[in-house]
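I set out to record how helices pack against one another in this model. The entries below follow the order in which I looked things up.

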Amino acid sequence: MALSKKRRQHWIAANQQEYSHHYPTLRFLSDDDYARADQLRQQTLQSLLSASTIGCSGTKLDMNNLSPGCRICVEGGWSCLFINGRCNCQCFYCPTSQQEIGQPTTNSIEFRHAEDYVHYLQRFGFRGASFSGGEPLLTFDRTLLYLKTIKAHMPSDFHTWLYTNGALLTDRMVDQLAEAGLDEIRFDIGATNYQLTALNRVGRAIPVVTVEIPAVPEETERLKALLPQLVDSGVRHLNLHQLRLTPYNYPHMIQRDYRYLHGEKVTVLDSELAALELLDHAQRANIALPINYCSFVYKHRFQAQAARLRNGQFMVKSYECLTENGYIRTLTLAGEGTRLLQLCRRFEEQGCDPTQWCFVEARGRLHVHPCLWPLVDSDGLEVVVAYAFARQLPQVTYRNPFTRIELSSRQALVLERSRAGAEIVLTPEQAEFFVQHILLSRGGRDDETGAHEDDFWSHLAAFETIEQGLQDYY
């Protein structure tokens, strides 16, 4: 389902606020120009469909031969440890300032001891971990220590990979990483003017060699010519990202004549078209190099969903459920107490699990698990839906419900439950829509629901489901 007009206006306003007085300098297009760009995208996608597989709700391609690390990411089992916060290169597309070494960090949680990070991986059920930065080779001894500790304590099939620009890589480092059991190494050759010296240095010492770079539009032809050389150098996968604008990289990006897209963040239209063009070229030229276009919307939707699902399992109550998109949904009936008590008795008579409902008599509210809904007569009662999400924090804020996760005698983290917007009191028509198309899983909006439901469905869909398709062009 395409974004509603109201939701588009919301994101445009958010983008205007983020870039403030710089916003007028960004090159956004007319509706007609966006329509023409989308037509070009659809033509390229149609060309790719003969040999490519589009997955993750239409946000990622090609899915036929993803690297092991990317496969774990798709399945929601990846942890990225920012081993330091400093880089030795100055890429124009870098989204943040990277000037401080700092401590190893993931999801705002610092891990000063490698063993505690292993406990974290085990407690949350991760199946793979990567080392990023900054540049991990700037703190090579630290990186190696964490890699060795993970390999010593995690299962043999636990996949590890390292991101690097390769400028500091030496033969000795390659040998040490290989001996420690690194499974995959990913090079950002865009940071070194597309030089292949570092990846040639790896040879076959590390099982999987991947190149991971943003799709820079002005380098498209250069990359086309480089693809056969990547194959000859032992590269097994090429990952292309979509360029994203941030307040930090704005001064560098604005010097390039890019066309931009509105959305949850401002992204570069030409970067997506360049990535698709490279996939199409590789397919037509029969180049034996799997290319994965990792779109911004894939990362924004699926990586965030994975985090919500991972954290939500610790915070969801027995009468609630986690939606496909990882939000905690609370379904409530509100009204006269005797009516609600009658429903409770009906649940008991049917032998339902008593943990699947919760009657709050003082508030006149009955929380009900969706599986009980076939037993519910909601006439005369309000149907209320609320959404929440759980996030990891280094310490308690005392503003929301929380639970502490003890990782070791010296480290814990906090899971905090926050509301995702206000409660939604459904009209009878909306309640019927909600039951038919969400609780009973009979599909999304159809023609019979009427245009007046578009904004309602769009609002709920953001909590309930993963949005389909690549980014809307507007």
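**Helix packing notes**

I began with one helix pair and noted that H2 and H10 cross in a left-handed sense. I keep in mind that the model is a predicted one.

I then looked up the geometry of this pair. Helix H2 covers residues 31-48 and helix H10 covers residues 269-284; their axes come within 10 Å and cross at roughly 25°. I therefore enter H2 as roughly parallel to H10, given that angles under 35 degrees are counted that way.

I listed the residues that meet. On the H2 side I find Ala 37, Leu 40, Arg 41, Thr 44, Leu 45, Ser 47 and Leu 48. On the H10 side the partners include Leu 269, Leu 273, Leu 276, Glu 277, Asp 280 and Arg 284. Sorted by class, the H2 contact with H10 holds eight nonpolar, three polar and five charged residues.

**A second partner of H10**

Which residues of H8 meet H10? I find Thr 220, Glu 221, Leu 223, Lys 224 and Leu 227 in H8, set against Ala 274, Glu 277, Leu 278, His 281 and Ala 282 in H10. The residues of this contact divide into five nonpolar, two polar and three charged. I note that Glu 277 of H10 is listed in the contact with H2 and also in the contact with H8.

Helix H8 spans residues 220-232, and its axis comes within 10 Å of that of H10, crossing at roughly 30°. The two are therefore roughly parallel to each other. Is the crossing of H8 and H10 left-handed or right-handed? I record it as right-handed.

**H4 and H5**

I turned next to helix H4 (residues 114-123) and helix H5 (residues 140-153), whose axes lie 9 Å apart at an angle of about 45°. This pair is therefore oblique, and H4 passes H5 in a right-handed crossing.

From H4 I list Ala 114, Glu 115, Tyr 117, Val 118, Leu 121 and Gln 122; from H5, Tyr 146, Thr 149, Ile 150 and His 153. By class I enter six nonpolar, three polar and one charged.

**The chain as a whole**

I recorded 14 helices and 22 strands in the protein chain. Its radius of gyration is 25 Å, close to the 23 Å from the globule rule for 474 residues, so the chain is as compact as a globular protein of that length. The C-alpha atoms fill a box of roughly 75 × 60 × 45 Å along the principal axes.

Last, I checked confidence. The mean pLDDT of the protein chain is 94, with 97% of its residues at 70 or more. Residues 443-452 fall below 50; beyond near neighbours in sequence, this stretch has twelve contacts in the model.

Technical notes. Residues are numbered from 1 along each chain as its sequence is written. This is a predicted model: local features need pLDDT of at least 70, side-chain atom pairs count only at pLDDT 80 or more; totals for chains, interfaces and linings use all residues. Side-chain values use heavy atoms; hydrogens and water are left out. pLDDT is the predictor's confidence in each residue, from 0 to 100. Contact means heavy atoms within 4.5 Å. Axes are lines fitted to C-alpha atoms, for helices over the stretch in contact, and angles run from 0 to 180 degrees between N-to-C directions. Helices (H or I, at least four residues) and strands (E, at least two) are DSSP runs, numbered from the N terminus. Angles under 35 degrees count as roughly parallel, over 145 as roughly antiparallel, 65 to 115 as roughly perpendicular and the rest as oblique. A crossing is left-handed if the near helix is turned anticlockwise from the far one by less than a right angle, and right-handed if clockwise. Ala, Val, Leu, Ile, Met, Phe, Trp, Tyr, Cys and Pro count as nonpolar, Asp, Glu, Lys and Arg as charged, and the others, Gly among them, as polar. The radius of gyration is taken over C-alpha atoms; the globule rule is 2.2 Å times the number of residues to the power 0.38.
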